[in-house]
Amino acid sequence: MKNELKKVTEEWMQLERMTLEQRKNAEAFYDEKLMKLIEKEFLKNNKELHISDAEYLIISVGTSYEPLVLSIRFFNPRKILFLCTEVTEVVLDKIVKYCELEPSCYQKRKVHETDPTDIYREIKQAYLDWKRPEKLYIDFTGGTKSMAAAAAMAGAIIHVQMVYVGCTNYLVDFRKPYPGSEKLYFIENPLSIFGDLEIEKAMVLFDRANFSGAREKLEELKEQIPDPNLR
């Protein structure tokens with residue numbers, strides 16, 4: 001696979017891109033000749049991370065469809081919520097077509113590209129509609145920085161697994177990862193680091209004789225903090 005992927009990658013990189021038509025042809029070549037090879041390589045390179053399929057996946061959609069397709073293929077979710085904007089809705093169409101998603105398998109919600117309120121609201125609603133599932137992942141690879149940050153913060157609050165599709169070799173001139181260098185990253189919940197500070201806040205409530213408040217805070221942290229020693 002690597003030899004075939006390398007050969008097709010070299011062909012793609014050597015294509016002319018001086019005119020708009022040439023750039024369109026290069027994109028079409030990538031979609032038709034490279035994407036399936038990239039997908040296979042991604043699944044192989046990240047297979048040690050695969051524990052089980054996800055039941056639910058929330059994805060913020062940006063201007064690139066490729067990393068989001070890889071995430072969907074890897075987790076094979078039963079239900080997907082796409083968070084897109086007016087601009088990126090066309091990218092969602094490309095994702096749906098590539099992954100051959102049935103209409104019953106996904107939902108889409110339009111959100112504001114800079115105001116995080118929409119992201120918070122939609123993630124909360126999906127989380128509740130799906131009955132607070134354990135196997136829920138939030139992929140914040142796509143979208144604006146504001147969208148990605150909002151999705152990550154929402155994921156930390158409801159304590160679900162956050163993921164990101166990056167790469168180890170980015171081709172600046174081509175504005176894409178080097179095919180085959182795509183990598184999946186699991187993002188730790190911030191409470192794994194900041195949990196002790198949150199415990200201190202509970203202790204402040206205790207010292208102020210707010211025992212019910214301290215107990216409520218500690219019970220909440222006990223369910224959320226991953227470090228068993230802190231729990």
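Me: In which strand does tyrosine 185 lie?
Reply: The model discussed here is predicted. Tyrosine 185 has a relative accessible area of 30% and is partly exposed. The strand that holds tyrosine 185 covers residues 182-187 and is E8.

Me: Which residues form a nonpolar patch on the surface with Tyr185, and what is their accessible area together?
Reply: The patch joins Tyr185 to Tyr164 and Ile187. Together, Tyr164, Tyr185 and Ile187 have an accessible area of about 230 Å².

Me: How many bridges join E5 to E8, and which residue in E8 stands opposite valine 163?
Reply: Strands E5 and E8 run antiparallel, and 6 bridges join them. Within E8, the residue opposite valine 163 is phenylalanine 186.

Me: Is the pairing of E4 with E5 parallel or antiparallel, and what is the handedness of the β-α-β unit that they make with helix H6?
Reply: Strand E4 (residues 136-139) pairs with strand E5 (residues 161-167) over 3 bridges, in the parallel sense. Isoleucine 138 stands opposite methionine 162 in E5. With helix H6 (residues 145-158), E4 and E5 make a β-α-β unit that is right-handed.

Me: How many residues of helix H3 are buried, and which residue follows H3?
Reply: Helix H3 spans residues 66-75 and is mostly covered, with 9 of its 10 residues buried. Among the buried residues are Leu68, Leu70, Phe74 and Phe75. The residue that follows H3 has a positive phi, near 50°, and is asparagine 76.

Me: Which side chain meets that of lysine 176 in a salt bridge?
Reply: The N to O distance of this salt bridge is 3.8 Å. The pair links distant parts of the chain, strand E7 and helix H2, 149 residues apart. Lysine 176 counts as buried because its relative accessibility is 9%, under the 20% cut-off. The partner, partly exposed at 35%, is glutamate 27.

Me: Why are lysine 36 and glutamate 39 separated by about one helical turn, and which of them is buried?
Reply: Lysine 36 and glutamate 39 are 3 residues apart in helix H2, and therefore about one helical turn separates them. Their side chains meet in a salt bridge (3.8 Å, N to O). Lysine 36 is partly exposed at 42%, whereas the buried residue, at 10%, is glutamate 39.

Me: Which residues make up the salt-bridge network that includes Glu89 and Lys108?
Reply: Glutamate 89 and lysine 108 form a salt bridge, with their closest N and O atoms 2.5 Å apart. Because glutamate 89 lies in helix H4 and lysine 108 in strand E3, the pair ties together parts that are 19 residues apart in sequence. Salt bridges that share partners join one network of Glu86, Glu89, Lys108 and Lys110.

Key:
Residues numbered from 1 in each chain as written. Predicted model: local features only at pLDDT ≥ 70, side-chain atom pairs only at ≥ 80, totals over all residues. Heavy atoms only, no water. Patch = residues over 30% accessible without salt bridge, like charges linked within 9 Å, V, L, I, M, F, W, Y side chains within 5 Å. Areas by Shrake-Rupley, 256 points an atom, 1.4 Å probe, with all protein chains shown as cover. Salt bridge = Lys/Arg side-chain N within 4 Å of Asp/Glu carboxyl O. Helix = DSSP H or I, 4+ residues; strand = E, 2+ residues; numbered from the N terminus. Buried < 20%, exposed > 50% of the residue type's maximum accessible area, 1.4 Å probe, protein only. Pairing = 2+ DSSP bridges. Right-handed = clockwise from strand over helix to strand, strands pointing away.
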